[in-house]
Amino acid sequence: MIVVMRSTARQADIQAVLERLGEHQLKGHLSQGEERTIIGVVGAAIPPTLREELELFEGVQEAVRITRPYKLVSREFHPLDTIVNVRGIEIGGSSCVVIAGPCAVENEDMIVASAQAVKAAGATMLRGGAFKPRSSPYSFRGHGEAALAMLATARDETGLPIVTEVMTPNDVELVARYADVLQIGARNMQNYQLLEEAGRSGTPVMLKRGLSATIEEWLLSAEYIVATGNPSVILCERGIRTFETATRNTMDLNAVALAKRRTHLPVIADPSHATGKWYLVPPLALASIAAGADGIIVEVHPDPDRAKSDGAQSLTFANFAAMMPQLNAVAAAVGRSVAIPAEAVA
Ligand code: PEP
Ligand code: MN
């Protein structure tokens, strides 16, 4: 349920509603817009009489049931777009974010070189895995904390904020000490303890859609994070399992457009994991922006043929740089922009 307060409501009126919710063992989450305040009511059992009860309160305009199973992430609760701020970079605003870098941090030289190259081409954030979820236990699983330190060096060198994956609740504290955005991978989308621990860290979280997750399940997972009091969640569509085997996954652009309608959270797309083939990454990156994505996350490697993971889907520095002006053109066509340096546009 949401409680819509009148524009004339006083702080004391809001407080009175929150207190009554507390008496019912319910929690009120405030969404304070310029015009009005909305209180999102969440809890296990909302009494059937609560709506009428609250509508009698001073300052309350109306109380409305939220029809979707997810509440706080729903547009019904929060009609305006949420903008997640990462070290001054806004995700979900008019400019599309480009997060680029290798699948895994292999050594310091390669992550610093990657950071410099993607920055020169116009990327605004750096990706790189330290803890890698791999389908086979014999594949390279990342350098762990040592790789986090290398990411921090790359950030110091370039100023690019870092996005990196955390795989277990126990590692959240460690990874959050280095990361600007905690990535929760597709395989962990429904690891509810991890979602809550990441939420409680207060660090922005990028939540990838599970391999076979419905859009509703994905948004319910985001709800777990936001319900901890952390509103900074970025959704990432990264392709889903279908009958098709010619590509690694099937990029679900329906999900990008629909998620943007159902939730106020920013939605970005990962054409690298969605396609599994480097030459399909630029067209799907462009399509994602055209479909309304708030940005993309792509894998870029100094030498994809020798990458320790996901080389087949990694762009070279040159291919990444060539894609950026195209991305900017598509963004402009849909009323957005991509932050790219002037020399790359020429
Ligand atoms: C990754 O970003 O390298 C990754 C493992 O992604 P996903 O969880 O989408 O497979
Ligand atoms: Mn990868």
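**Close-up 1. Helices α6 and α7 meet in a right-handed crossing.** Welcome to this predicted model; our tour opens where two helices pass each other. The axes of α6 (residues 192-201) and α7 come within 7 Å and cross at roughly 40°. That angle makes α6 oblique to α7, since angles under 35 degrees would count as roughly parallel and those from 65 to 115 as roughly perpendicular. Which residues make the contact? From α6 come Tyr-192, Leu-195, Glu-196 and Gly-199, and from α7 come Ser-221, Tyr-224 and Ile-225.

**Close-up 2. Helix α7 by itself, residues 215-226.** Here you can check a helix with a ruler. At 1.5 Å a residue, the 12 residues of α7 should span 16 Å, and the end C-alpha atoms lie 17 Å apart, which agrees. Which residues of α7 are buried? They are Ile-215, Trp-218, Leu-219, Ser-221, Ala-222, Glu-223, Ile-225 and Val-226. A helpful thing to keep in mind while looking at such a list: an α-helix has 3.6 residues a turn, so residues three or four places apart point the same way. Ser-221 and Ile-225 may look familiar, as they are among the α7 residues that touch α6.

**Close-up 3. The manganese ion (ligand 2) and the residues that hold it.** Four residues coordinate this ion: Cys-103 through SG, His-273 through NE2, Glu-299 through OE and Asp-310 through OD, at 2.0 to 2.4 Å. Along the sequence, these donors follow the spacing C-x169-H-x25-E-x10-D. Cys-103 sits in the loop between β7 (95-101) and α3 (108-121), while Asp-310 sits in the loop between β14 (295-299) and α11 (317-333), so this pair ties together parts that are 207 residues apart in sequence. Are Cys-103 and Asp-310 buried or exposed? Both are buried. Take a second look at the backbone of Asp-310: its phi is near 55°, a positive value in a residue other than glycine.

**Close-up 4. Helix α10 packs against helix α11.** The axes of α10 (residues 281-290) and α11 come within 9 Å and cross at roughly 25°. With that angle, α10 is roughly parallel to α11, and the crossing is right-handed. On the α10 side, the contact involves Pro-282, Ala-285, Leu-286, Ile-289 and Ala-290. On the α11 side, the partners are Met-323, Gln-326, Leu-327, Val-330 and Ala-331.

**Close-up 5. Gln-183, a buried residue in strand β10.** The strand covers residues 181-184. Gln-183 has a relative accessible area of 5%, so it counts as buried, the limit being under 20%. What surrounds Gln-183, leaving aside its neighbours within four places in sequence? Gln-183 is in contact with Arg-127, Val-163, Thr-164, Glu-165, Val-166, Met-206, Lys-208 and Ile-297.

**Close-up 6. Two exposed loop residues, Gln-25 and Glu-35.** Gln-25 belongs to the loop between α1 (11-23) and β2 (27-32). Its relative accessible area is 67%, and its phi is near 60°, a positive value in a residue other than glycine. Glu-35 is found in the loop between β2 and β3 (37-42), with a relative accessible area of 68%. How are Glu-35 and Met-5 placed, given that they are 30 residues apart along the chain? Their C-alpha atoms are separated by 9.8 Å.

Methods. Residues numbered from 1 in each chain as written. Chains lettered and ligands numbered in written order. Predicted model: local features only at pLDDT ≥ 70, side-chain atom pairs only at ≥ 80, totals over all residues. Heavy atoms only, no water. Helix = DSSP H or I, 4+ residues; strand = E, 2+ residues; numbered from the N terminus. Expected span 1.5 Å × (residues − 1). Buried < 20%, exposed > 50% of the residue type's maximum accessible area, 1.4 Å probe, protein only. Donors = N, O, S within 2.8 Å, 3.2 Å for Na, K, Ca; no water. Axes fitted to C-alpha atoms, helices over the stretch in contact; angles between N-to-C directions. Parallel < 35°, antiparallel > 145°, perpendicular 65-115°, else oblique. Left-handed = near helix turned anticlockwise from the far one by under 90°. Contact = heavy atoms within 4.5 Å.
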